[in-house]
Every structure is written in C-alpha cells, then in structure tokens.
Amino acid sequence: MRFRFYKQLDAMDCGPTCLRMIARHHGKVFSLQEIRSQCTVTREGISFFSLEEAAGKLGFRTRCSRVTPETLLEKAPLPCIIHWTQNHFVVFVSKRERHGQVTGVQVADPAFGLLRYTVGEFLEKWERRNNQGVVMLLEPMPGEAQPASRPKRRGLALELLRKHWRPFRGLTVQLLLGLLIGSLIQLIFPFLTQSIVDIGIARKNLDFIYLVLLGQMMLFAGRISLEFIRSWILLHISTRINFSILSDFLVRLMRLPLSFFDAKRHGDIMQRFQDHTYIEAFLTNTTLNVVFSLINVLVFGVVLCFYSWLIFLIFLGGSILYGIWVALFLQYRRALNFKRFDYMSREQGNLIGLISGMQDIKLANAEVDKRWDWERLRAGLFRINVKVMASSQYQQVGGLFLNEGKNILITFLAAKLVLQGDITLGAMLSVQYIIGQLNAPVEQLVQFTQTAQDALISAERLNEIYTLEHEDVRSGEQTGDLPLDKSISIAGLQFRYPGTEAQARPVLNNIHLHIPEGRVTAIVGVSGSGKTTLLKLLLKFYNPHQGTICVGRENLASIRHAAWRSQCGVVMQDGFIFSDTVEGNVCIGDRNPDPARLDEALRIANIKSFVDTLPLGVHTMIGADGTGLSQGQKQRILIARAVYKDPRFICFDEATNSLDANNERAIMENLDRFFVGRTVVIVAHRLSTVRNAHNIVVLDGGEIVESGAHDVLVGKKGKYYELVKNQLELGT
C-alpha cells in the first residue's frame with residue numbers, strides 16, 4: 001500500500017505530523033489540528049512522552065524503547081517513529097533488501113518529503129547514544145477506528161472566505177459587468193482588422209480605412225476607461241478585504257489562551273501575518289483576473305473556431321501541454337514553500353532577538369557569533385530562494401518552448417490555409433490577433449494554479465488560528481459577575497506544564513490554600529518551586545489538571561476571563577512596557593484616563609517625581625521608541641499600571657526585585673495603605689518585601705511545606721528560616 005505523506009505546517013509540528021501519517025497508513029483519518037489537540041506542543045516541540053500519550057488517545061498501542069541499529073532494521077514493525085538529527089521526528093516507512101541484507105531505507109520526513117537513504121546515511125542521522133536510539137512502535141487497537149472524544153473537524157472553510165466578499169457583492173457585479181463589456185469590445189477588434197485588409201486595402205478604399213481606424217480608436221478609449229474604473233474598484237475591494245482579513249485574524253489571535261503563545265515562536269506568528277497577503281491576492285487580483293481570462297478564452301475561443309477548427313485544436317492541445325508542464329512543478333514548489341516558511345520564521349525570530357538583546361550581545365562581545373548565526377539562517381534562505389528561482393526558470397523555459405512552438409505552428413498553418421484559399425489574408429491577421437489575445441489569459445489560468453497553491457498552503461497554516469478554541473469558549477456558561485466574597489480558596493490543586501519528559505512530575509501538587517479577603521498572602525520558595533505557576537493559575541493563564549480554585553463560593557472556571565482580569569491588578573516579573581506615553585502605559589485599556597487616578601497611581605508607585613521631570617510629563621513617549629527607562633523605573637510604571645485599575649485583587653510577581661532599598665521601602669509603605677480591603681497575593685524572592693504579610697506560604701518542590709506569619713515561621717527554623725537567615729542575618 002502506498003504510504004500517504006503529509007507536510008508539517010510549523011517547525012514544531014513534526015511529531016504530530018508523523019503521528020498523522022502513521023494513523024492514515026492504518027486507515028485512521030485525522031486533521032493535523034485534531035492530532036494537535038491530543039498533544040502538548042511547546043516552543044521546544046514535542047517529546048516522545050507526549051507523543052506516546054497522544055497516540056494512545058487516538059487508538060494506538062505504543063511502545064517506546066531504545067534499540068540497536070540491527071534490531072531497528074531487522075525486527076522493528078514498520079512504519080515507526082524515530083528521533084532524527086537531535087531535534088526532529090521522522091517516520092521510518094520501509095526498507096529495501098537484497099540477498100537478505102538491508103541496502104536502503106525510505107523515510108517520511110515531514111519537513112521535506114519521502115526520502116531514500118543508504119543504511120549508512122540513515123544511521124548517521126538517527127540519533128543514538130551508546131549505539132542505541134529511541135524508537136516509537138505503534139499498532140492500532142482492535143475496534144478503535146477513531147478516538148472517543150474526537151474533536152469536530154473544522155477548517156478555514158469557503159464560508160469564511162465568502163464572509164469577507166459578502167459586503168462587496170454590488171461592486172463585484174460591476175466588476176464582472178465591466179469584464180464582460182471589455183471582452184466584447186476586444187471581440188470586435190479582429191473583425192475590424194480583417195475588414196481593413198480584405199475591404200480597405202483590397203479595394204484601395206482609404207476613406208473606409210479611416211472610418212475603421214476611428215472606430216478602433218473609440219473602442220480603445222472605451223476599453224481604457226473601463227480598465228481605469230475596474231482598477232479603482234479592485235483597489236478599493238482588495239484594500240478593504242485585506243483589512244477585514246487581518247483584523248479578523250488579529251481578533252481571533254488575541255482571543256487564544258496564553259498556552260498557545262507559549263508553544264509558538266514569535267517568527268511563526270509573524271509569518272502567519274505574511275500568509276494573509278497570499279490569501280488577499282488570491283481573493284482579489286488573482287481570482288478576478290482568472291474570471292476575466294475565462295471570459296476571454298471563451299469568447300475568443302468561439303471566434304477562433306469560427307475561423308478554423310484545426311487552428312483551435314492546435315491551440316487547445318498546446319495550452320493543455322503547457323498546463324501539464326506547470327503542474328509537474330507544483331509538488332516541488334510546495335515543498336520549497338514550507339522550507340522557505342521555516343527559514344523566514346527562524347530568521348525573523350533571530351532578528352527580533354538581535355535587536356531586543358543588543359545590550360547583552362555587546363556586553364558579552366558576541367556580535368560576531370550572533371551575526372554568524374543570522375548569516376547561516378540567511379544563507380539557508382538564500383539557497384531555498386535559489387531553488388525556487390531555478391524551478392521557476394525551468395518552468396518558464398519549458399512553457400516558453402511549448403507556447404512559442406504552438407504559435408509558430410499556428411502561423412505556418414494559417415499561412416498555408418491562405419495559400420490554399422481556405423481563408424483570406426485578413427482572416428490570417430485576425431487569427432494572429434486572437435492567438436495573441438488568448439495567450440495571456442491561458443498564461444494567467446496556468447499561473448492561477450500556483451497562486452491557488454500558495455493560498456491553500458497559507459490557509460492550512462492559518463487554519464490553526466481559526467479553529468483553536470479561544471479563552472472564553474464557554475462564555476455562554478460563564479458569568480461576568482464576581483461574588484461579594486472576595487476570598488480565594490484552593491483545594492487539591494495539581495498542575496504540570498505540557499510537552500516535557502518531566503510531565504509525569506507535577507509542578508504543583510496537592511495545594512490546599514485559603515487566601516482571605518482584605519489580607520496580604522505572600523508566597524515564597526526557591527526558584528522552580530512553583531510560585532509563578534500558582535500565580536498564573538490564579539490569573540487563568542492555564543487550567544489546573546486537578547482540584548479547584550474558588551472565589552468565594554464561585555468556581556474560578558465559571559467566571560469569564562475578561563471579567564476576572566478586569567478586577568485583578570497584576571505585576572509580572574516579565575511585564576512589558578509599550579512604545580507609548582507614560583499615560584498610555586499606566587492607563588492601558590482606558591480610552592478616557594482619569595488624571596486624578598493617574599496622578600495617585602504614579603505617587604503610590606513612587607515615580608511621580610521622575611515623570612514630572614520628563615519633557616512632556618505623562619505625555620512623554622517611553623518604551624522602545626521613546627525615553628529609555630531603567631529596570632527600576634519600568635517596574636514602578638508596572639506597579640502604577642496595576643494600582644490605576646483600582647482592582648479588588650492584587651497579584652505581584654517579584655514586583656520590587658529591581659528596586660533599591662529606599663524606593664522599595666517607600667513603595668511598600670504606600671502599597672500597605674492601598675492594600676487595605678483588597679485580596680493580595682505577593683510572590684517574592686526578596687523576603688523583606690513579604691515580611692509584614694499576614695500569611696506567608698512556603699512552597700518547596702511544588703508543595704506547601706509551611707505557612708504562617710514571619711515571626712512564627714522563623715521560630716520553627718524550617719524551610720522559611722533557611723530562606724531568610726542569610727538575607728536578614730538571623731544567624732544560626
């Protein structure tokens with residue numbers, strides 16, 4: 001049975017794509033998104049552990065083990081999944097044997113296609129340690145054709161594309177009418193050309209020639225006017241559709257959960273915006289030009305048949321051969337398109353890193369190394385572009401040969417028909433005019449297949465964004481009203497980050513915690529103990545695997561994300577300063593900022609005196625495109641942002657770790673008064689920040705090991721005591 005190959009859409013999709021190919025081989029048909037929904041993919045990709053777990057959900061019995069090359073080549077049931085060149089998954093499809101010896105293998109590489117290797121080449125790429133490599137063997141479970149909870153198949157359907165066209169139906173009708181009139185005008189030209197030769201020249205009637213030329217000039221002026229109007233209408237439609245598509249995409253992107261952005265590289269997301277240009281071109285210029293070409297081919301084809309059936313058949317046969325020649329390159333172009341997407345994504349991400357990390361690059365004297373990293377990616381992209389250009393040139397040369405050969409043959413045949421008296425000289429010139437008018441539309445129709453292919457590939461990549469469930473997918477079942485009781489209760493909470501081998505070990509385990517309203521609860525612990533993760537769960541960045549988080553008596557899962565976050569003032573340790581004014585950064589999300597609240601927020605954050613010294617005060621630009629800020633000043637802007645919301649819940653994650661002692665003391669005194677009556681959770685390494693908290697919770701290894709007030713915990717001389725004794729010089 002022929003092995004069905006599928007192409008990965010992202011660099012991180014190799015594992016799910018391999019699983020999709022093997023499922024198809026065993027008669028189980030899944031979309032890539034359906035398999036992704038069963039996997040946990042991160043920016044680092046997917047692990048064997050997660051892939052094995054997903055295969056089980058899809059109805060496969062799996063076994064991952066380390067085997068020697070001999071065992072893999074001679075005994076392993078195929079197809080199976082292997083780890084390739086340290087950072088990639090491929091499918092070992094089949095082997096070629098001769099005289100009982102394996103001489104070659106076939107590999108389905110989701111990045112490049114079905115490839116054949118010698119045994120030596122194969123073993124060189126297969127990742128091994130101590131002459132053993134990891135292999136994942138799969139066989140379908142009897143009676144399980146599809147997973148029990150198979151998600152509904154959805155995609156970037158035709159209805160979605162039609163949605164963007166619908167507002168322009170009237171203009172589209174005008175365009176089509178203009179195309180039809182333009183084609184009819186062009187239809188008159190070959191008859192006028194024939195009449196000039198057969199009547200005007202043959203009868204030496206100069207007045208008739210003048211009359212025909214005048215008619216041609218008027219028709220030409222009408223055609224130019226139609227083209228001018230059509231171009232303006234098309235520009236209007238394409239601009240509006242492009243804006244509509246991008247806006248819709250951005251809306252959907254911003255509604256996705258944060259776990260999506262954790263699993264995607266910035267370059268991948270940026271390239272998806274570029275994909276919209278292919279969609280927009282396909283929906284506007286390309287599609288309308290193809291309609292215009294079809295009308296021209298139909299109209300002039302009928303006229304050509306009127307002159308000579310034989311010439312029409314030669315033209316048709318040559319055009320079909322040209323189309324077949326171009327179609328031969330489509331699969332190769334598709335593979336190159338995916339390679340180019342990957343390189344462009346990585347290069348764009350690399351450039352973002354270069355610009356964002358320039359300070360650290362210079363401090364490490366790493367300019368040359370980082371430039372070489374970029375140059376290697378750029379060189380790879382250049383090689384792909386060379387292959388694309390070479391493919392296009394081969395295609396163009398072959399197409400030119402077929403086209404010109406067809407035209408020369410038609411010219412010879414038309415001349416022969418004139419000599420035989422079957423057609424007039426004027427008819428021959430008209431035929432040549434018609435062939436010239438037909439060549440361009442045929443070329444456009446053939447090129448349309450390439451543009452359509454690019455658009456479909458882009459649609460496949462965008463499909464993920466349009467089909468993923470957004471954060472408030474259950475908004476109809478959720479409430480936007482928060483309970484009067486603002487205390488938070490956590491019971492039996494367990495959470496683990498997806499996509500790593502450590503998945504079996506939860507980041508948080510068996511967390512039971514009560515965070516009372518009007519009190520400050522501090523969470524401390526060594527790095528990696530789960531403090532920030534717990535805060536992200538409280539902010540609904542992720543959903544817990546087990547246990548519940550309740551606000552009052554209301555389960556946090558039943559509260560809409562937007563409603564909950566509107567009442568949360570948050571400072572994260574990696575908070576972002578936008579390229580905007582001080583006012584825009586502090587009052588983010590408020591279109592009509594309250595000057596009094598802004599002034600109070602800046603005062604509490606102890607940054608008002610600095611802002612007052614800026615040239616335009618709160619209207620001064622800061623961020624990447626404005627006035628540079630120190631880390632401490634950025635942190636105070638973030639604190640002011642949280643305070644300005646006047647929230648009922650406060651969540652601070654290392655909110656003062658970049659502040660000097662004097663600023664920290666002043667801010668904490670201001671915040672102590674601001675915290676009154678609010679539910680406050682503070683995560684910190686600097687224990688001076690949390691010393692006065694009403695309750696201090698100590699996390700270790702993802703579990704709560706101690707809790708209580710500062711003095712009580714110090715007296716126990718346990719984990720908390722170990723954390724604070726060096727910072728506060730408590731002695732032994």
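1. Which side chain does a polar contact of 3.0 Å join to that of Asp-653? The partner is Thr-532, whose side chain meets that of Asp-653 at this distance, a polar contact being a pair of N or O atoms within 3.5 Å, of which, within protein, one must be able to donate a hydrogen and the other to accept it, while residues adjacent in sequence count only if both atoms are side-chain atoms. The side chain of Asp-653 also makes a polar contact of 3.1 Å with the side chain of Gln-573.

2. Before going further, a reader should know that this is a predicted model, in which local features need pLDDT of at least 70 and side-chain atom pairs count only at pLDDT 80 or more, while totals for chains, interfaces and linings use all residues. Residues are numbered from 1 along each chain as its sequence is written, and side-chain values use heavy atoms, with hydrogens and water left out.

3. On the overall make-up, the protein has 24 helices and 19 strands, where helices (H or I, at least four residues) and strands (E, at least two) are DSSP runs numbered from the N terminus. Of the 732 residues in the protein, 47% are buried, buried meaning under 20% relative accessible area, exposed over 50%, and partly exposed in between (1.4 Å probe, protein chains only). Among contacts (heavy atoms within 4.5 Å) between residues at least 6 apart in sequence, 74% join residues at least 24 apart.

4. Asp-653 deserves a second look: this residue lies in strand S16 (residues 649-653) and is buried yet has no salt bridge, that is, no side-chain nitrogen of Lys or Arg within 4 Å of a carboxyl oxygen of Asp or Glu. The nearest side chain of opposite charge belongs to Lys-536, 6.9 Å away, with Lys and Arg counted as positive, Asp and Glu as negative, and His and the chain ends not counted. Residues up to four places away in sequence being left out, Asp-653 touches Thr-532, Leu-535, Val-571, Met-572, Gln-573 and Val-683.

5. The strand that holds Asp-653, S16, belongs to an open sheet of 6 strands in the order S13-S16-S17-S10-S18-S19, with mixed pairing; two strands pair if DSSP finds at least two bridges between them. Strands S13 (568-571) and S19 (703-708) are the edge strands, each pairing on one side only, and the twist averages 15 degrees from one strand to the next. S13 and S16 pair in the parallel sense over 4 bridges, and Val-570 stands opposite Cys-651 in S16. Helix H21 (residues 631-644) lies across S13 and S16 and runs at about 175 degrees to S13, axes being lines fitted to C-alpha atoms, for helices over the stretch in contact, with angles from 0 to 180 degrees between N-to-C directions.

6. A second open sheet has 4 strands in the order S9-S8-S11-S12, and its pairing is antiparallel. Strand S9 (508-515) and strand S12 (554-555) stand at its edges with a single partner strand each, so one side of each is left without a neighbour in the sheet. Strand S8 (residues 488-495) and strand S11 (residues 546-551) run antiparallel and are joined by 5 bridges, with Gln-546 in S11 as the bridge partner of Gln-494.

7. Helix H16 (residues 531-538) is mostly covered, with 6 of its 8 residues buried, namely Lys-531, Thr-533, Leu-534, Leu-535, Leu-537 and Leu-538. H16 lies across S8, S9 and S11, at about 120 degrees to S8, and is followed by Lys-540, whose phi is positive, near 65 degrees.

8. Leu-513, found in strand S9, is buried, with a relative accessible area of 9%. Neighbours within four places in sequence aside, Leu-513 is in contact with Ile-488, Ser-489, Ile-490, Leu-534, Val-697 and Ile-704.

9. Elsewhere in the chain, strand S2 (residues 80-84) has 5 of its 5 residues buried, so S2 is largely enclosed by the rest of the structure. Both faces are covered, with Cys-80, Ile-82 and Trp-84 buried on one side and Ile-81 and His-83 buried on the other. S2 pairs in the antiparallel sense with strand S3 (residues 88-98) over 5 bridges, Cys-80 standing opposite Phe-92, and S2 also pairs in the antiparallel sense with strand S7 (residues 132-140) over 2 bridges, where Met-136 is the bridge partner of Ile-81.
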